[in-house]
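Hi everyone, thanks for coming. I'd like to walk you through a structure that's new to most of you, so please have a look at it while I talk.

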Amino acid sequence: QVRLVESGGGSVQAGGSLTLSCAVSGYTVAGNHMGWFRQAPGKAREGVAISLGGSDTSIPLYADPVKGRFTVSRNNAENTVTLQMNNLKPEDTAVYYCAARFRRSWGAWFDPMRYNYWGQGTQVTVSS
């Protein structure tokens, strides 16, 4: 059974930082694509950071709103994925989800429909 469990969410003031972690079981992070998505109330789920698999070195991709502030990384040995979020803004407030996608799937990296497994989400609230 594949299971993704996010942790590390919370409430911070604007300009603060949070680190989200995703612990994966029943699925190998190494070589596969992993992503972080978020969904604010009344809005569609959107991709924020993707860690591409398919090679020895994962390649990060970032959505424009988070470029320069968020960093995605993975630890293949521990089967985890991390999202470091700095200089948080109120518009970053959302439920953040970890997602996994098979390595043979390619393109449309920020489309949530392309991802095969999801965590339950963790709330991030940024106050001004």
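Let me start with a question: which residues form one aromatic cluster with Phe37? The answer is Tyr97, Tyr115 and Trp118, so with Phe37 that's the cluster. Before I go on, please keep in mind that this is a predicted model.

Two arginines join in around that cluster. Arg45 has its charged end sitting over the ring of Trp118, 4.8 Å from the ring centre. Arg101 does something similar with Tyr115: the charged end sits over that ring, and here the distance to the centre is 5.3 Å.

Okay, let's step back and look at the whole chain. How many helices and strands are there? Zero helices and eleven strands. If you read along the sequence, the pattern is just β-β-β-β-β-β-β-β-β-β-β. The radius of gyration is 14 Å, close to the 14 Å that the globule rule gives for 128 residues, so the chain is as compact as a globular protein of that length. If you prefer box dimensions, the C-alpha trace spans about 40 × 25 × 25 Å along its principal axes.

A couple of numbers on the inside of the chain. Of the 128 residues, 43% are buried. And if you take the contacts with a separation of 6 or more, 58% of them are between residues 24 or more positions apart.

Now, what's in the middle? The largest nonpolar core has 27 residues, and the members that touch the most others are Met34, Trp36, Leu83, Met85 and Tyr96. Quite a list of strands feeds into this core: strands 3, 4, 5, 7, 8, 9 and 11 each supply at least two residues. Apart from that one there's another core, of six residues, and Phe37, Leu52, Ala99 and Trp109 are among them. You'll remember Phe37 from the aromatic cluster.

Back to aromatics for a minute. Searching the whole structure turns up eight aromatic pairs. Let me pick out Tyr27 and Tyr117. Their ring centres are 5.3 Å apart and the planes are at 65°, so we call that pair edge-to-face. What I like here is where the two residues come from: Tyr27 is in the loop between strand 3 and strand 4, Tyr117 is in strand 10, and they're 90 residues apart. Are they buried or exposed? Tyr27 is buried, at 10% relative accessible area, while Tyr117 is partly exposed, at 27%.

Another edge-to-face pair is Trp106 with Trp109, at 4.9 Å centre to centre and 80° between the planes. These two sit in contrasting surroundings: Trp106 is exposed, with a relative accessible area of 55%, whereas Trp109 counts as buried at 14%. And Trp109, as I said, is one of the residues in that six-residue core.

Last topic: charges. The structure holds four salt bridges. Arg38, Glu46, Arg69 and Asp92 are linked in a network of them, so let me take you through that network one bridge at a time.

We'll start with Arg38 and Glu46, whose side chains meet at 2.7 Å, N to O. Arg38 is buried, with just 5% relative accessible area, and Glu46 is partly exposed at 35%.

Next up, Arg38 also has a salt bridge with Asp92, where the closest N and O atoms are 2.9 Å apart. Why does this one matter for the chain layout? Asp92 lies in the loop between strand 8 and strand 9 and Arg38 in strand 4, so the pair ties together parts that are 54 residues apart in sequence. Both of these residues are buried.

And then Asp92 reaches a second arginine, Arg69, with the closest N and O atoms 2.7 Å apart. Arg69 is in the loop between strand 6 and strand 7, 23 residues away from Asp92 in the sequence. How buried are these two? Asp92 has a relative accessible area of 0%, and Arg69 counts as buried at 7%.

So if you'd like one thing to click on after this, try Asp92, which forms salt bridges with Arg38 and with Arg69. That's me done, thanks for listening.

Technical notes: Residues are numbered from 1 along each chain as its sequence is written. This is a predicted model: local features need pLDDT of at least 70, side-chain atom pairs count only at pLDDT 80 or more; totals for chains, interfaces and linings use all residues. Side-chain values use heavy atoms; hydrogens and water are left out. Rings of Phe, Tyr and Trp (its six-membered ring) pair if their centres lie within 6.5 Å; planes under 30 degrees apart count as stacked, over 60 as edge-to-face and the rest as tilted. Helices (H or I, at least four residues) and strands (E, at least two) are DSSP runs, numbered from the N terminus. Buried means under 20% relative accessible area, exposed over 50%, partly exposed in between (1.4 Å probe, protein chains only). A charge sits over a ring if NZ of Lys or CZ of Arg is within 6 Å of the ring centre and within 35 degrees of the ring normal. A nonpolar core is a set of buried Ala, Val, Leu, Ile, Met, Phe, Trp, Tyr and Cys residues joined through side-chain atoms within 4.5 Å. The radius of gyration is taken over C-alpha atoms; the globule rule is 2.2 Å times the number of residues to the power 0.38. Contact means heavy atoms within 4.5 Å.
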